[in-house]
Amino acid sequence: MIRQRTINKAVSASGIGLHSGRKVSVRFRPAPANTGIVYTRVDIEPNVVFRASADMVRDTELCTALVNDAGDRVSTIEHLSAALSSMGIDNLYVDVNAPELPVMDGSAQPFIYLLENAGIRVLDEPKQFLKILKTVRVELDDKWAELRPAKSGFKLDLEIDFNHPAMDRALQHYTMDFTGEKFFRDVSRARTFCFMKDVEFMHAHNLALGGSLDNAVVLDDYKVMNPEGLRYPDEFVKHKMLDAIGDLYMNVRSIQGEFRAYKTGHHLNNMLLRALLADAAAYRIITVDDGVQAAEKGRFIRETERPYGVVFA
Ligand SMILES: [Zn+2]
């Protein structure tokens, strides 16, 4: 039986908030089985709690944000969500002292290192998967995203379409048979990206004040402005895949099926997950027996503690 996971001990981190530009602290704590991912705004008295779910995602403008009826929010959760998906972590308390998580380096990797430092604890309850039973598709203008049935595992196929001198046409399509190790090695370091002209607009409107070359790839009209260049030649499409993995894990159930998308983003990813969950005939919640479906084994980053900074061979 593939079982639920949490972390072994509490760990903390701090960094810059993408929106505010201010220092933000976050603390991750172990949670019991069937808790889900629970965010607590500890800067509000009394504290405000948000349980991650597709229908709590109510803002997808610059990032993915959970917003409650009172308008309180916790933003920029998608890269942590991708890290949790890749590690098979289903249960976690996330305490944050601001309306947003720290953006870290704009990728998922710092969160993976941090959570691995805490260690993984395997719980007794079986892990739940969303098995896709029929194709669900959403479209917006020329963009689309869909989930289709697959025999086992989680396959992703994503294409972006940017006409920019620094974005090679041949590197705008990426496919992956998802495993935690592949995600860690090939995708987790892909940073968010933006265009200088948009940065100027956002700053003029007091948005993305924490955005910098330390936490995003920034492109001017001709080139990548970051002096260190790209982390992967196809970092842009890989980041979009990272975002999709995080957005599709918003209900904290790992998908068993195939995701395909063209020019997708947070909004469309969330529309797709909502469309799936709204159609009871489109999915089934299953648990996975190791013996029955060996393909699911090893899908998540392995259970043993891995010391900080050690990269998979
Ligand atoms: Zn992102």
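# Reading the rings, the zinc site and the spaces

Mentor: The charged end of Lys238 sits over the ring of Tyr232, 4.2 Å from its centre. Keep in mind that this is a predicted model.

Trainee: What makes the charged end of Lys238 count as sitting over the ring of Tyr232?

Mentor: The distance of 4.2 Å falls within the limit of 6 Å from the ring centre, and a charge must also be within 35 degrees of the ring normal. A second case is Arg137, whose charged end sits over the ring of Trp144, 4.4 Å from the centre.

Trainee: How many aromatic pairs are there?

Mentor: The count comes to 7 aromatic pairs. In one of them, the rings of Tyr113 and Phe184 have centres 5.9 Å apart, with 75 degrees between their planes.

Trainee: Why is the pair of Tyr113 and Phe184 called edge-to-face?

Mentor: Centres must lie within 6.5 Å, and planes over 60 degrees apart count as edge-to-face. With 5.9 Å and 75 degrees, Tyr113 and Phe184 are therefore an edge-to-face pair. Tyr113 belongs to helix H2 (residues 109-118) and Phe184 to helix H3 (residues 180-187), so the contact ties together parts 71 residues apart in sequence. Both Tyr113 and Phe184 are buried.

Trainee: Why is the pair of Phe154 and Phe178 called tilted?

Mentor: Their centres are 5.5 Å apart and their planes stand at 55 degrees. Stacked needs under 30 degrees and edge-to-face needs over 60, so an angle that meets neither is tilted. The pair links distant parts of the chain, 24 residues apart: Phe154 is in strand E14 (residues 154-159), and Phe178 is in the loop between strand E15 (173-177) and H3.

Trainee: How do you know that Phe154 is buried?

Mentor: Buried means under 20% relative accessible area. Phe154 has 4%, so Phe154 is buried. Phe178 has a relative accessible area of 4% and is therefore buried. Elsewhere, Phe162, Phe193, Phe195 and Phe236 form one aromatic cluster.

Trainee: Which protein atoms are donors of the zinc ion?

Mentor: The donors are NE2 of His79, NE2 of His239 and, listed twice, OD of Asp243, at 2.0 to 2.7 Å from the zinc ion. Each falls within the cut-off of 2.8 Å. Along the chain the donors follow the spacing H-x159-H-x3-D. His79 in helix H1 (residues 78-87) and His239 in helix H5 (residues 235-248) are 160 residues apart, and both His79 and His239 are buried.

Trainee: Why is the site of the zinc ion called irregular?

Mentor: A tetrahedral site needs all angles between 85 and 135 degrees, and a square planar one needs opposite donors over 155 degrees apart. The angles here run from 52 to 150 degrees among 4 donor atoms, so the site fits neither description and is irregular. Water is not among the atoms, so a site may look incomplete.

Trainee: What makes H1 largely enclosed by the rest of the structure?

Mentor: Of the 10 residues of H1, 10 are buried, so the helix is largely enclosed. Among them are Glu78, Leu80, Ser85 and Met87. Just after H1, Gly88 takes a positive phi of about 70 degrees.

Trainee: What is notable about the phi of Asn34 and of Ala208?

Mentor: Most residues other than glycine have a negative phi. Asn34 is not a glycine, yet has a positive phi of about 65 degrees; Ala208 also has a positive value, near 55 degrees. Asn34 lies in the loop between strand E3 (23-30) and strand E4 (37-41), and Ala208 in the loop between helix H4 (196-204) and strand E17 (217-219).

Trainee: Are Asn34 and Ala208 buried or partly exposed?

Mentor: Asn34 has 45% relative accessibility and so counts as partly exposed. Ala208, at 8%, is under the 20% limit and therefore counts as buried.

Trainee: Where is there a cis peptide bond?

Mentor: The cis bond joins Glu45 and Pro46, with omega about -10 degrees. Pro46 is in the loop between E4 and strand E5 (48-51).

Trainee: What lines the largest pocket?

Mentor: The largest pocket has a volume of about 1100 Å³. Its lining has 42 residues, and Glu61, Leu62, Phe193, Cys194 and Lys240 are the closest to its centre. H4 gives the most to this lining, with 6 residues.

Note on methods. Residues are numbered from 1 along each chain as its sequence is written. This is a predicted model: local features need pLDDT of at least 70, side-chain atom pairs count only at pLDDT 80 or more; totals for chains, interfaces and linings use all residues. Side-chain values use heavy atoms; hydrogens and water are left out. Helices (H or I, at least four residues) and strands (E, at least two) are DSSP runs, numbered from the N terminus. Buried means under 20% relative accessible area, exposed over 50%, partly exposed in between (1.4 Å probe, protein chains only). Rings of Phe, Tyr and Trp (its six-membered ring) pair if their centres lie within 6.5 Å; planes under 30 degrees apart count as stacked, over 60 as edge-to-face and the rest as tilted. Donors are N, O and S atoms within 2.8 Å of the metal (3.2 Å for Na, K and Ca); water is not among the atoms, so sites may look incomplete. Four donors count as tetrahedral if all angles lie between 85 and 135 degrees; four count as square planar and six as octahedral if opposite donors are over 155 degrees apart and all others between 65 and 115; anything else is irregular. On a 1 Å grid over the protein atoms alone, a cavity is a set of points where a 1.4 Å probe fits but cannot get out, and a pocket is an open set with protein on both sides within 12 Å along at least five of seven lines; lining residues have an atom within 4 Å of a point. Grid points are joined across faces, edges and corners, and a volume is the space filled by probe spheres set on the points.
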